[in-house]
Structure formats: structure tokens, C-alpha cells
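Here are some questions on a protein chain, each with a short worked answer. Look at the sequence and the fold before reading on.

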Amino acid sequence: MTVTSKANDQLIKQLDEVKARVATVLDLAKTLGADGAEVAMSRQQGLSVGTRMGEVENVEFTNDGALGITVYQEGRKGSASTADLSDSALKQAVQAAVNIAKYTSVDECSGLADKALLEMNPKDLDLYHPQELTTEQAIEIAKECEQSALGADKRINNSDGANLDSFAGFKVYGNSHGQLVGYPSTRHSLSCVMIASEGDDMQRDYAYTVNRDFNLLDGAKEVGLQASNEVLSRLNAQKLSTGKVPVLFRADIANSIWGHFIAAISGGNLYRKSSFLLDQLGNDIFPNFLNITEQPHIKKALASSSFDNEGVVTVDRNIITQGALETYLLTSYSARKLGLTTTGHAGGIHNWLVEASGHSGDFDAMLKTLGTGLLVTELMGQGVNVVNGDYSRGAAGFWVENGEIKYPVSEITIAGNLVEMFKGIVAVGSDVDLRGSIRTGSILIDEMQVAGH
């Protein structure tokens, strides 16, 4: 399969056309009396194919996107959107935003990001790798993936299907400070969900691969076999008695722990005083061997971007240095609320790298460090309170003794408090999962409450 220059040219042409429409909208906003305006548009097009038990279950072609306009008038804010980019539709959208602004209350913290902080010349981060892929080819890949899993073991007797997605698109942002920027990107993924049975026990599990570049995806057979291994390993799960034990979060689950940390240091929760990490800037949150850096400009990475959703330039940033909190995550609005400066986090984080100096090792080494305790490979429920840090979630995984996996476990709850959990991190593995915005290995926490059912 080769990159298609025709699709490439077409999408780049659309990007340039949308930039021109954004510039038109900004001029309209000024004409209609706005003293500030920002316009954003993203468009996505592509193919999604699903198979189940060897049959095609769905084929979807996507080509959608909408333009959003926000205007500011003397501290008042109004927003509107449209999927129609005709002159009349754009004028209606701008007029609607201006009309809405007349009736909103004055908020001195609203408004565009400061001009000095904007990215006027974005870097090329190599995020665009369009793939020529026919429907028939996509179906064949999904079928191959599913068949690989179904044929791995007779206990795998059902499937929730395999899905192949291939999308290309772009993002354009402009504002009345004279910024007009945009870039194209792609995202390809393949996933497989299998069901296995033995006696009265039935289990379900999955595997997936995702990349900006289609040619860097794991192979269809490989993903299918991984899905089969995952689901077979869960058969005949046992229950645990209640007690306090060390807990190892596998790398693909560990990112949820960092997700709670992100919520706690995000400006919105901080200015509302609804975070368990209020007023902790400069304080030790984690053990001193732990460091987290943000690197927004990694080529081809899934969370790379030269600017955030407000056009603010993204920069390499230390989040945690030797366990201490170095920065909050702020938008322009939350920064003004807190009397600080935006950190370029409107829209989320950009490639976090979690590292533990001298306290690391591959997955097998992490099991040895765990010794005897619980390995968590699945979490359920949303029992996390970001206000006080209380943590309680349903879980499944494996019981480990003397560094060896003994048997699968299910129907358990793990509980603790995030403040203590963060301090109780013993090691972070080198088994880094690259399939998201947080690049972390497995996390070992010294002790958590585990409740059996």
C-alpha cells in the first residue's frame, strides 16, 4: 500500500480553502462590532470497517467538520457554529455569536490569549501520513485480524469483532490578533475484541494498535493473537479475600492514574477550589526518583502539536522534577482566574513522558519487584473524587506470588487516596505504552485496600 498523492493534494487544498474562510469570518466579526474574535475548524475524512465472525458488520465513510466562532465584546462572550461554509451561512453564524454576546454577563477573565504567547509559524511535526486503502483491503485486514484470534484456541468461540479505522484531517485556528495557522494529520488503528468460554466461565478482552503512520501499525495477525492471549489468560478467574496488598498497574492501565493527576492540577478545578492538590506548586507530590516531562514536538506522536486550542505555542515543560510539582495546566481563562500565565493546555496535554530514575525495569522485573500482590489489567467504574483524592474502582487482573503470575482474579475493588497512592509509588516500569498522550510504564504502588466479593 502506498501513500496517495491525490488524497494528499485534495486535503491540503481543503485546508487552504478553510483558512481563507476563517479569515473571512474574522473580518465579518470585526465589521459586526466584535472587539475580539477567534475561529476554529477541524475536518475529518476516512474509512471505518468492522467485521464480526468473519462477516462484514459495518462500513462507514466519514467526511465531517464544523466551524466554530467566538466573539468578545467589552468582556462579553458569544459563540456559534456552522457546518455550512457558504457566505450567507458564515455571516449568520457570526451574527448569532454577536447577538449572544449582547446578553451574556461581563467576565474580565474571558478573551483571547495574549498575542505574545501565540504560535505564528507552527513546526512541521510529521503528523500527516495519508494511506491509500480500498474498502476491500480494509475488510480483508479486519477479517485477517479476527480470524487470527478465532483460530488461536477452541475456547475462543465468539467475537465482538475487529475494526480498522483510517482517518485524515486537519485543524485550522485563527484570531483577531492576526494569527491564522493550521496543519493536517492522520490517525490509523486496528482493534480486535474476543470472547472465550470454558465451562460456565465466559470472558471478554481486546487488543489494539494505533499510529499516525499506517505502515507502523502492528500486523493484523499479531493484534489478533494478542487479543486471544489476553482473553484466554482471564479464564477461570478467582476471587480474593479482603486485605491490604501492593498493587501493580499494567502500563496500558497506568495512564488512568496520571489522568487523575492531570485533573487535579488543571486550572478549571484549581480556580473552583475543587482539587485535592490546591496550593501544592513546588511541593513534593511523588517520590523524589520520579520525573514527568511534556514534549509537544515529538515527530509522529499521537499528542504532538505546535499550538493549543487557543493558538498558544506549546513548549517542552517539566511537570514533575524529583517528585515536586513544577507547574499547573492552564488555559488563558483559568490562568487569569488564578493570576497566572497560560501554559498552553487548552484542549489537553501534549506527550507526557513518565520516568523513574533508578527505580525501573521491564514488565518481568516489575513483577519481581511486586513480589506477592495484585496485578491490575482492567479498571471499571468512575469512583474517583478529585476534590479529596478518594479512589475506589472495580478491578480485574492477576494474583502474583514471588514475582510469578499465579491465577486471574475478578470481581474485586481497589481503594485508597490519591495523595497516599502518589507518595506510595515504588517503581515505574520501562515497559512504556506509546499508544496515547501519556507515555508511561507499569506503576507499582506499595499498598492499597483490596476488597473481594
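Q: How many of the 17 residues of strand 1 are buried?
A: In this predicted model, strand 1 covers residues 36–52. A residue counts as buried when its relative accessible area is under 20%. Strand 1 is mostly covered, and the number of its residues that are buried is 13.

Q: Over how many bridges do strand 1 and strand 2 pair?
A: The two strands form a hairpin with two residues between them. Within this pairing, R43 has G65 as its bridge partner, and R52 stands opposite E55. The sense is antiparallel, and the number of bridges is 17.

Q: Which residue in the turn between strand 1 and strand 2 has a positive phi?
A: Most residues other than glycine have a negative phi. The residue in question is not a glycine, yet its phi is about 55 degrees. At 37% relative accessibility it counts as partly exposed, because the value falls between the 20% and 50% limits. The residue is M53.

Q: Which residue of strand 4 does Q44 stand opposite?
A: Strand 1 also pairs with strand 4, residues 156–175. This pairing is antiparallel and runs over 14 bridges. Opposite Q44 in strand 4 stands G169.

Q: Which strands are the edge strands of the open sheet?
A: Six strands form the sheet, with antiparallel pairing, in the order 3-2-1-4-5-6. An edge strand pairs on one side only. The edge strands are strand 3 (76–82) and strand 6 (201–211).

Q: What is the average twist from one strand to the next?
A: The sheet is open and has six strands. From one strand to the next, the twist averages 20 degrees.

Q: Is E57 buried or exposed?
A: E57 is in strand 2. Its relative accessibility is 52%, and the cut-off for exposed is over 50%, so the class follows directly. E57 counts as exposed.

Q: How far apart in space are E57 and A162, C-alpha to C-alpha?
A: In sequence, 105 residues separate E57 and A162. Measuring along the chain is one matter, and distance in space is another. From C-alpha to C-alpha, the separation is 9.5 Å.

Q: Which residues make the nonpolar surface patch of about 280 Å²?
A: One member lies in strand 2 and is V59. V59 is at 34% relative accessibility and therefore counts as partly exposed. The patch is made by V56, V59 and F61.

Q: Why does the distance between the end C-alpha atoms of helix 2 agree with its length in residues?
A: Helix 2 runs over residues 87–103, which is 17 residues. At 1.5 Å a residue, the helix should span 24 Å. The end C-alpha atoms agree with this because they are 25 Å apart.

Q: Which residues of helix 2 are buried?
A: An α-helix has 3.6 residues a turn, so residues three or four places apart point the same way. This spacing is worth keeping in mind when reading the list. The buried residues are A89, L90, A93, V94, A97, V98 and A101.

Q: Which residue meets D114 in a salt bridge?
A: Side chains of opposite charge can pair when their charged atoms come close. Here the N to O distance is 3.6 Å. The pair links distant parts of the chain, 222 residues apart: D114 is in the loop between helix 2 and helix 3, and its partner is in helix 7. That partner is R336.

Q: What is the N to O distance in the salt bridge of D213 and K300?
A: D213 is in the loop between strand 6 and helix 4, and K300 is in the loop between strand 8 and strand 9. D213 is buried, with a relative accessible area of 11%, whereas K300 is partly exposed at 25%. The N to O distance is 3.2 Å.

Q: Which residues are joined into one network by salt bridges that share partners?
A: R155 forms a salt bridge with D153, with the closest N and O atoms 3.0 Å apart. R155 is partly exposed, its relative accessible area being 28%. The network joins D153, R155 and E198.

Notes. Residues are numbered from 1 along each chain as its sequence is written. This is a predicted model: local features need pLDDT of at least 70, side-chain atom pairs count only at pLDDT 80 or more; totals for chains, interfaces and linings use all residues. Side-chain values use heavy atoms; hydrogens and water are left out. Helices (H or I, at least four residues) and strands (E, at least two) are DSSP runs, numbered from the N terminus. The expected span of a helix is 1.5 Å times one less than its number of residues. Buried means under 20% relative accessible area, exposed over 50%, partly exposed in between (1.4 Å probe, protein chains only). Patches are made of residues with over 30% relative accessible area and no salt bridge: like charges are joined within 9 Å, nonpolar side chains (Val, Leu, Ile, Met, Phe, Trp, Tyr) within 5 Å. Accessible areas come from the Shrake-Rupley method with a 1.4 Å probe; for residues, only the protein chains shown count as cover. A salt bridge is a side-chain nitrogen of Lys or Arg within 4 Å of a carboxyl oxygen of Asp or Glu. Two strands pair if DSSP finds at least two bridges between them. Axes are lines fitted to C-alpha atoms, for helices over the stretch in contact, and angles run from 0 to 180 degrees between N-to-C directions.
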